[in-house]
Amino acid sequence: MTHIHESAINSTTPDTRLTLPAASSSAVSWGAIFAGAAAAASLSLILLMLGAGLGLTSVSPWESRGLDAGKVGIAAIAWLTFTQIVASGMGGYLSGRLRTKWVDTRGDEVYFRDTAHGFLAWAVAALISAALFTSAISAVVGGGAKIVGNVAGGAALTTAAGAASMANGSQDEQGSSMQYFVNSMFRSNAPGTSSGNADAPASPAAPATPSASQQPVSPAQLSEVSGIFVNSITSGTLPQEDRQYVARLIAQNTGISQQEAEQRVQSTYDKAQAKLKETKEKAQQAADAARKATSYLMLWTFISLLAGAFVASLCATFGGRQRDL
């Protein structure tokens, strides 16, 4: 048995043994590609965590402390580009250095294969990163689409949301709300002061005469008036019958005339409309700023990915050249 085995081995000519590796070799070393991709994805994760930590240390909830939003955005873009260049370069270099040596292959073909190995390593790493950060990417893309939709239909949405928010009594930065506007209409004039009616002459000796109907406004009446204002502000007009009804309630609870009450209702309605318009403009400005920020982030992410692909391909040629020395 040993004699037969040795004779079978010796029957193989030296030329055949030398040509076997070249015949079985492949132009693509997937093991080297996956190894470089794994290294690139891991290094990207580490650098992103480091960048997030450094970013949190540079911002502060306290006024006049930490970096502003513009500087933080520039730093985030710079760090993202740096992460792509370093991680992709490392992955490309490993994919070129760990590949098998191609025998009887022209120099330009070796250069092309090394470049392809670096690009494939970058592509696999990008797919791995996309699979790991699917939720984050979906949040960014979905947030961008939502911002565009809000900008497109921001007027109606902001009007309804602002009116509902004001109706619930939520305070804005200036302390105004629908509850404030409604309560201001039911304020009684001080005794001895003019009621503000332009048609009736002011008479200090004839102040507003109290009547039995002058009682504190009930919560049910305040809620009803608030609902009328919310509906009118949402629709954009205050119907005459609603204005007369609210004015009648004000006249009964404050002692002023019906005409003065209607003037007060219209004046308060105009103030509420102006306040809502200001809130809507601020919301639209914030949405537009967010849209621009998301757009810049997308564009710079695209540029950083292209830079990573180029660096990975270039570093793979360096690694392959050292592999063949």
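Buried, in this talk, means under 20% relative accessible area. The model I am showing is a predicted one. I will go through a few helices and the side chains that meet in them or between them.

I start with helix H11, which runs over residues 258-323. Lys-275 has a relative accessible area of 7%, so it is buried. Its salt-bridge partner is Glu-278, with N and O 3.8 Å apart. Glu-278, at a relative accessible area of 28%, is partly exposed. How far apart along helix H11 are Glu-278 and Lys-275? They are three residues apart, which means about one helical turn between them.

Further along in numbering there is another salt bridge, between Lys-292 and Asp-288, where the closest N and O atoms are 3.6 Å apart. Both of these residues also belong to helix H11, and they are four residues apart, again about one turn of the helix. Lys-292 is at 39% relative accessibility, so it counts as partly exposed. Asp-288 is at 25%, so it counts as partly exposed too.

In total, the structure holds eight salt bridges. Which parts of the chain does the one between Arg-99 and Asp-114 link? Arg-99 sits in the loop between helix H4, residues 69-97, and H5, while Asp-114 sits in helix H5. The two are 15 residues apart, and the pair links distant parts of the chain. Their N to O distance is 2.5 Å. Both Arg-99 and Asp-114 are buried.

Next, helix H5 itself, residues 107-132. The helix has 26 residues, and at 1.5 Å a residue they should span 38 Å. The end C-alpha atoms are 38 Å apart, so the model agrees with the expected value. The buried residues of H5 include Asp-114, which we have just met, and also Arg-113, His-117, Gly-118 and Trp-122. Arg-113 has a ring beside it to look at: this arginine lies over the face of Trp-102, at 5.1 Å from the ring centre.

That brings me to aromatic rings. How many aromatic pairs does a search of the whole structure find? The search finds four. One of them is Trp-30 with Phe-34, a tilted pair with 6.0 Å centre to centre and 40 degrees between the planes. Both residues lie in helix H3, residues 30-58, where they are four residues apart, or about one turn. Are they buried or exposed, or something in between? Trp-30, at 46% relative accessibility, counts as partly exposed. Phe-34, at 47%, counts as partly exposed as well.

Another pair is Phe-229 with Tyr-269. Their ring centres are 6.1 Å apart and their planes stand at 75 degrees; edge-to-face requires planes over 60 degrees apart, so this pair is edge-to-face. Here the residues come from two helices: Phe-229 from H9, residues 219-235, and Tyr-269 from H11. They are 40 residues apart, and the pair links distant parts of the chain. Phe-229 and Tyr-269 are both buried.

Back to helix H3 for one more residue, Ser-44. Ser-44 is at 11% relative accessibility, so it counts as buried. What lies 2.8 Å from a polar atom of the Ser-44 side chain? It is the backbone oxygen of Ala-40. If we set aside neighbours within four places in sequence, Ser-44 is in contact with Thr-83 and Ala-87.

The last element is helix H10, residues 240-254. H10 has 15 residues and reaches 21 Å from its first C-alpha to its last, close to the 21 Å expected at 1.5 Å a residue. Among its buried residues are Arg-243, Val-246, Leu-249, Ile-250 and Asn-253. What covers the buried residues of H10? The cover includes helix H8, residues 178-185, along with H9 and H11. Just after H10 comes Gly-255, with a positive phi of about 85 degrees.

To go back over two items for your notes: the Arg-99 and Asp-114 salt bridge links distant parts of the chain, and so does the Phe-229 and Tyr-269 ring pair. The Glu-278 and Lys-275 bridge, by contrast, stays within helix H11. That is all I have.

How values were computed:
Residues are numbered from 1 along each chain as its sequence is written. This is a predicted model: local features need pLDDT of at least 70, side-chain atom pairs count only at pLDDT 80 or more; totals for chains, interfaces and linings use all residues. Side-chain values use heavy atoms; hydrogens and water are left out. Rings of Phe, Tyr and Trp (its six-membered ring) pair if their centres lie within 6.5 Å; planes under 30 degrees apart count as stacked, over 60 as edge-to-face and the rest as tilted. Buried means under 20% relative accessible area, exposed over 50%, partly exposed in between (1.4 Å probe, protein chains only). A charge sits over a ring if NZ of Lys or CZ of Arg is within 6 Å of the ring centre and within 35 degrees of the ring normal. The expected span of a helix is 1.5 Å times one less than its number of residues. A polar contact is a pair of N or O atoms within 3.5 Å; within protein, one must be able to donate a hydrogen and the other to accept it, and residues adjacent in sequence count only if both atoms are side-chain atoms. Contact means heavy atoms within 4.5 Å. A salt bridge is a side-chain nitrogen of Lys or Arg within 4 Å of a carboxyl oxygen of Asp or Glu.
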